[in-house]
Amino acid sequence: MTSTETLENPNSPDPATLTESPGPAAPDGSPVMLALHQTALGGPEVLQLTELPRPAPGPGEILVAVHAAGLNPTDYKHRALSIFLPPPPLTLGWDVSGTVVETGFGVTLFRPGDEVFGMLPYPYGAGSHAEYVTGPTRAFAAKPAGIDHVQAAALPLAALTAWQALVDTAGLRAGQRVLIHAAAGGVGHLAVQIAKERGAHVTGTASAPKHDFLRELGADACIDHRSEDFADTEERYDVVLDALGGDTATRSVGVLRPGGVLVSLLPGAADTRAAAQKAKVRAVNLLVEHDQAGMRAVAELVERGTLRAHVSGTFPLAEGARAHVLGETGRTTGKLVITVR
């Protein structure tokens, strides 16, 4: 299920030296790193490969040498707009897979040399689009041994979002029916697999050329959002996962059976809540949280072979702006990943 455009960075250091070499340093001797950094809001052109001070782990934190970092729609939005984060300068990126280089005071779960993956605390913990990043120990889990860092980096934010929506929030159970909007996207294609693993009947919306992909993931039914109206049906669902927001959220209320749950990842129309109350369904907005228990659950699914990220392209750190251009088309299947080393 993975097709990867691999573009290697010839300037990346050898991972075997990460815990042995002090690396580059500023004139005053302090360690530095390269990061995909921005000093202004705007289009992909504001992203520049910049030398920055290398962070040091504080109490309860680990310093990770980043091997790969996933891209998500929230990266594109925060690059262009001041949403949750303070104004630039800033380095984006929440997904990370890499090797522990150093541990802060009180850390007992990991040691230098351990391979980890995780999601930095959303939204204020961004910074993984760099050679090194620090984060709370419990934002990470051990990387599954059966996948590489590119695969691992594609999972955290999208898989946690799907898990927290379907399992933690909706309590999806075997035999229930779920509708997943944008089912071939980053969150959607992982949600299809998680829902199938839970024993649910899964319907996904996507353009017709992506329906074979969805069926390979296990989807039971597909709706072409370009030519079919998902609401024009007698089908009733127990859960709807909405990654589109706006009017889609409000119209999704009408395909839920009483007692059903609508989990939206973006704000819906103003009357979504009123429509939900009238239909006697629950409508909530989900903002993903870093979660070690969730990461361990994701890792377990990966190790069992029931969850795998589809990576449609990889870009070296220096070409991160090009990844943003592609991602903003909204036509990417699965995930894009930035490779660092």
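How do the residues of the lining of the largest pocket divide into nonpolar, polar and charged? I will start there. Please keep in mind that this is a predicted model. The lining has 23 nonpolar residues, 17 polar ones and nine charged ones.

The pocket itself comes next. The largest pocket has a volume of about 1300 Å³. It is lined by 49 residues, and those closest to its centre are P73, K77, A243, L244 and L266. Several elements give two or more residues to that lining: the helices α1 (73-80), α3 (156-169), α4 (186-197) and α6 (247-253), plus the strands β10 (201-206) and β16 (335-339). Which of them gives the largest share? That is α1, with five residues.

Let me stay with α1 for a moment. Two packed helices are described by the angle between their axes and the distance between the axes. For α1 and helix α9, residues 320-327, the angle is about 105° and the axes are 10 Å apart. Angles of 65 to 115 degrees count as roughly perpendicular, so α1 is roughly perpendicular to α9. On the α1 side of the contact are D75, Y76 and R79; on the α9 side they meet A323, H324 and G327. By class, that contact has two nonpolar, two polar and two charged residues.

Now the sheets. Strands of a sheet pair through backbone hydrogen bonds, either parallel or antiparallel. Both kinds of pairing come up here.

One open sheet has six strands, in the order β11-β10-β9-β12-β13-β14, and the pairing is parallel. Its edge strands, each pairing on one side only, are β11 (221-224) and β14 (282-285). From one strand to the next, the twist averages 15°. At the β14 end, β13, residues 256-264, pairs with β14 in the parallel sense over four bridges. L262 stands opposite A283 in β14.

Two of the pocket-lining helices also meet this sheet. Helix α3 lies across β9 (177-180), β12 (237-242), β13 and β14, and runs at about 155° to β12. Helix α4 packs on the sheet too, where it touches β9, β10 and β12; its direction makes about 170° with that of β9.

The other open sheet I want to show has three strands, in the order β2-β1-β4, with antiparallel pairing. Here the edge strands are β2 (48-53) and β4 (90-91), each of which pairs on one side only. Strand β1, residues 32-38, pairs with β4 in the antiparallel sense over two bridges. Q38 has L90 in β4 as its bridge partner.

That is what I have for today.

Notes
Residues are numbered from 1 along each chain as its sequence is written. This is a predicted model: local features need pLDDT of at least 70, side-chain atom pairs count only at pLDDT 80 or more; totals for chains, interfaces and linings use all residues. Side-chain values use heavy atoms; hydrogens and water are left out. On a 1 Å grid over the protein atoms alone, a cavity is a set of points where a 1.4 Å probe fits but cannot get out, and a pocket is an open set with protein on both sides within 12 Å along at least five of seven lines; lining residues have an atom within 4 Å of a point. Grid points are joined across faces, edges and corners, and a volume is the space filled by probe spheres set on the points. Ala, Val, Leu, Ile, Met, Phe, Trp, Tyr, Cys and Pro count as nonpolar, Asp, Glu, Lys and Arg as charged, and the others, Gly among them, as polar. Axes are lines fitted to C-alpha atoms, for helices over the stretch in contact, and angles run from 0 to 180 degrees between N-to-C directions. Angles under 35 degrees count as roughly parallel, over 145 as roughly antiparallel, 65 to 115 as roughly perpendicular and the rest as oblique. Contact means heavy atoms within 4.5 Å. Two strands pair if DSSP finds at least two bridges between them.
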